[in-house]
Amino acid sequence: MEPAERRAAAFYREHGLSPDAVTVAGFSGGADSTALLLILRALGVPVTAVHVQHGLRGAEAERDARFCEAFCARHGIPFVRRDVRVLEHLDGRGVEGTARKLRYRALCEAAAACGAAHLAVAHNASDALETALFNLARGTGAAGLGIAPVRTLPGGLTLVRPILALSRGEILAYLASRGESYVEDSTNAEDAASRNILRHEAVPALLRVNAQALSHALAAFERLREDDEALRFYAERLAAVPASAKAISDAPRAVGARAIRMLYGRDDLTEKHIRAVLALCRTQTGHGAVDLPGARAVREYDELRILPAKTDAEDARIPETALAVGRTTALPGTGLCLAVKKTKSPEQNSNTFHKIYVDSCAIHGILLVRSRKTGDRIRLPHENGTKTLKKAMIDAKIPVSARALLPVFVSDGRIAAVMGLGTAEGFVPAPGADALEITLEAAEDANPADKTDLF
């Protein structure tokens with residue numbers, strides 16, 4: 001077994017991966033992916049090569065596709081070609097970013113068709129250093145340094161990078177020792193692209209400073225990933241919704257900042273935004289808000305929430321909507337939906353902020369849901385008399401921003417229940433009796449910012 005193959009075998013052992021897992025490998029025909037395929041075959045990995053044709057480089061790209069197909073036929077490797085049209089799907093990421101998105105989509109689809117557990121790609125140590133330098137130039141934290149050797153993709157497919165520890169020089173030496181050829185993408189020789197500038201100028205300069213720069217960088221990236229995982233572990237405990245502003249402000253800054261990014265749920269939060277939200281968490285006043293891209297961070301009492309920017313939550317309303325048993329009904333404009341089903345009432349009161357039980361025998365006609373209205377009153381069990389919903393919500397310390405989006409359930413003109421407050425007197429099901437279970441959920445097709453109103 002050659003040194004490059006031993007390094008790849010060690011990769012599988014170190015990450016607890018089985019080389020027997022069905023695998024698809026991205027195969028461009030370049031030196032890196034050619035070496036990857038040969039190494040996987042040498043390790044006995046059951047691999048299918050997937051070549052993605054982007055429709056960008058004309059005759060040269062077709063030359064690459066023919067090379068890949070012939071190479072796989074010569075080595076007895078199953079081959080799949082997938083064609084995508086990058087220029088027809090540009091989405092603001094630029095040509096390179098769109099190509100990457102479509103390429104990974106095609107690879108994942110091919111993996112699903114093959115029943116593969118692993119998707120292998122040919123990133124190497126040189127790529128890892130180039131990526132780190134590129135992200136440093138753009139601005140990044142620890143998560144943007146280096147390339148993760150293994151990660152789980154949506155749907156459960158495992159992305160693996162078995163030759164990440166190899167330098168580009170080691171890969172070329174491996175191919176030379178086997179007498180294997182490969183194709184060159186002519187655009188890789190140009191310095192127009194930012195990554196090519198790093199590849200041809202920055203990385204060679206670092207290697208002149210220290211010949212071990214690549215291995216040292218990989219080791220540093222691994223330590224940074226471990227640190228980032230630990231910080232995210234603690235940040236996840238602060239990112240429950242609603243989050244505690246005090247807990248976030250009291251946490252080490254690295255943990256609090258990660259918790260804020262988790263609550264926000266997108267990648268375009270800058271350091272300036274993080275500082276503003278942390279200042280909001282530290283403020284001594286009970287209420288405040290900070291504008292974010294496409295959203296707002298709102299503090300009420302000790303609760304920190306991320307709300308949509310398109311409207312003040314106080315002005316958002318649930319339109320009067322009829323509910324049907326056995327169906328999930330979307331609440332237009334809220335990013336929320338309600339699922340209603342028949343069940344037996346639990347032995348103990350199991351109402352929560354997102355689930356409520358109503359006596360089905362007490363419902364007459366159509367069960368409606370809407371936002372609260374001025375003058376609405378409710379009588380909750382074990383309370384003397386009725387009170388306005390406004391007073392009941394204040395007593396329950398429900399944030400102002402959430403009140404208009406708490407579903408109010410109405411039957412025959414009477415308030416039967418209010419999500420977050422409880423079931424009204426006269427509509428409370430007896431233990432074990434027939435009941436309607438109503439669950440508040442985030443709508444699957446809602447904008448991510450809309451989903452944070454009550455979640």
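Student: What makes aspartate 376 and arginine 370 count as a salt bridge?

Tutor: This is a predicted model, and the call rests on a distance. The closest N and O atoms of aspartate 376 and arginine 370 are 2.8 Å apart. The cut-off is a Lys or Arg side-chain nitrogen within 4 Å of an Asp or Glu carboxyl oxygen. With 2.8 Å set against a limit of 4 Å, the pair qualifies.

Student: Are those two residues buried or exposed?

Tutor: Aspartate 376 is buried, and arginine 370 is buried too. That label requires a relative accessible area under 20%.

Student: What about glutamate 130 and arginine 199, what makes them a salt bridge?

Tutor: Here the N to O distance is 3.2 Å. The limit is 4 Å, so the glutamate 130 and arginine 199 side chains pass.

Student: Why can you say that this pair ties together parts of the chain?

Tutor: Look at where the partners sit. Glutamate 130 is in helix α5 (residues 125–138), while arginine 199 is in helix α7 (residues 194–209), so the bridge ties together parts that are 69 residues apart in sequence.

Student: Why is glutamate 130 called buried, and what is arginine 199 called?

Tutor: Glutamate 130 has 2% relative accessibility, and buried means under 20%, so the label fits. Arginine 199 comes in at 23%. Partly exposed covers the range between 20% and 50%, so arginine 199 is partly exposed.

Student: How do you know that glutamate 437 and lysine 341 are paired?

Tutor: By the same kind of check: their closest N and O atoms are 3.5 Å apart, and the limit is 4 Å, so they form a salt bridge. Glutamate 437 belongs to strand β21 (residues 434–442) and lysine 341 to strand β13 (residues 336–344), so this pair ties together parts that are 96 residues apart in sequence. As for cover, glutamate 437 is buried at 10% relative accessibility, whereas lysine 341 is partly exposed at 43%.

Student: How many salt bridges does the count come to?

Tutor: The count comes to 24 salt bridges. There's also a network of them that links Arg57, Glu60, Arg63 and Asp64.

Student: Zooming out, why is the chain called more spread out than a compact globule?

Tutor: First, the parts list: 13 helices and 21 strands. For 455 residues the globule rule gives 23 Å, but the radius of gyration is 28 Å, well over that, so the chain is more spread out than a compact globule. Along the principal axes, the C-alpha atoms fill a box of roughly 90 × 45 × 40 Å. Buried residues make up 45% of the 455 residues.

Student: How far apart in sequence are the residues that contacts join?

Tutor: Take contacts between residues at least 6 apart in sequence: 66% of them join residues at least 24 apart.

Student: Back to single residues. What makes cysteine 72 buried?

Tutor: Cysteine 72 has 1% relative accessibility, and the buried label needs under 20%, so it applies. Cysteine 72 is placed in helix α3 (residues 58–75). Leaving aside neighbours within four places in sequence, cysteine 72 is in contact with Phe27, Leu37, Ala49, Ile77 and Phe79.

Student: And what is alanine 324 in contact with?

Tutor: With the same neighbours set aside, those within four places in sequence, alanine 324 contacts Thr329 and Val340. Alanine 324 lies in the loop between β11 (321–322) and β12 (328–331), and at 28% relative accessible area it is partly exposed.

Student: What is notable about the phi of tyrosine 301?

Tutor: Phi of tyrosine 301 is near 55 degrees, a positive value in a residue other than glycine. Tyrosine 301 lies in the loop between β9 (295–300) and β10 (303–308). With a relative accessible area of 37%, tyrosine 301 is partly exposed.

Student: Why is aspartate 412 called exposed?

Tutor: Exposed means over 50%, and aspartate 412 has 61% relative accessibility, so the label holds. Aspartate 412 sits in the loop between β18 (408–411) and β19 (414–418), and its phi is near 55 degrees, a positive value in a residue other than glycine.

Methods: Residues are numbered from 1 along each chain as its sequence is written. This is a predicted model: local features need pLDDT of at least 70, side-chain atom pairs count only at pLDDT 80 or more; totals for chains, interfaces and linings use all residues. Side-chain values use heavy atoms; hydrogens and water are left out. Helices (H or I, at least four residues) and strands (E, at least two) are DSSP runs, numbered from the N terminus. The radius of gyration is taken over C-alpha atoms; the globule rule is 2.2 Å times the number of residues to the power 0.38. Buried means under 20% relative accessible area, exposed over 50%, partly exposed in between (1.4 Å probe, protein chains only). Contact means heavy atoms within 4.5 Å.
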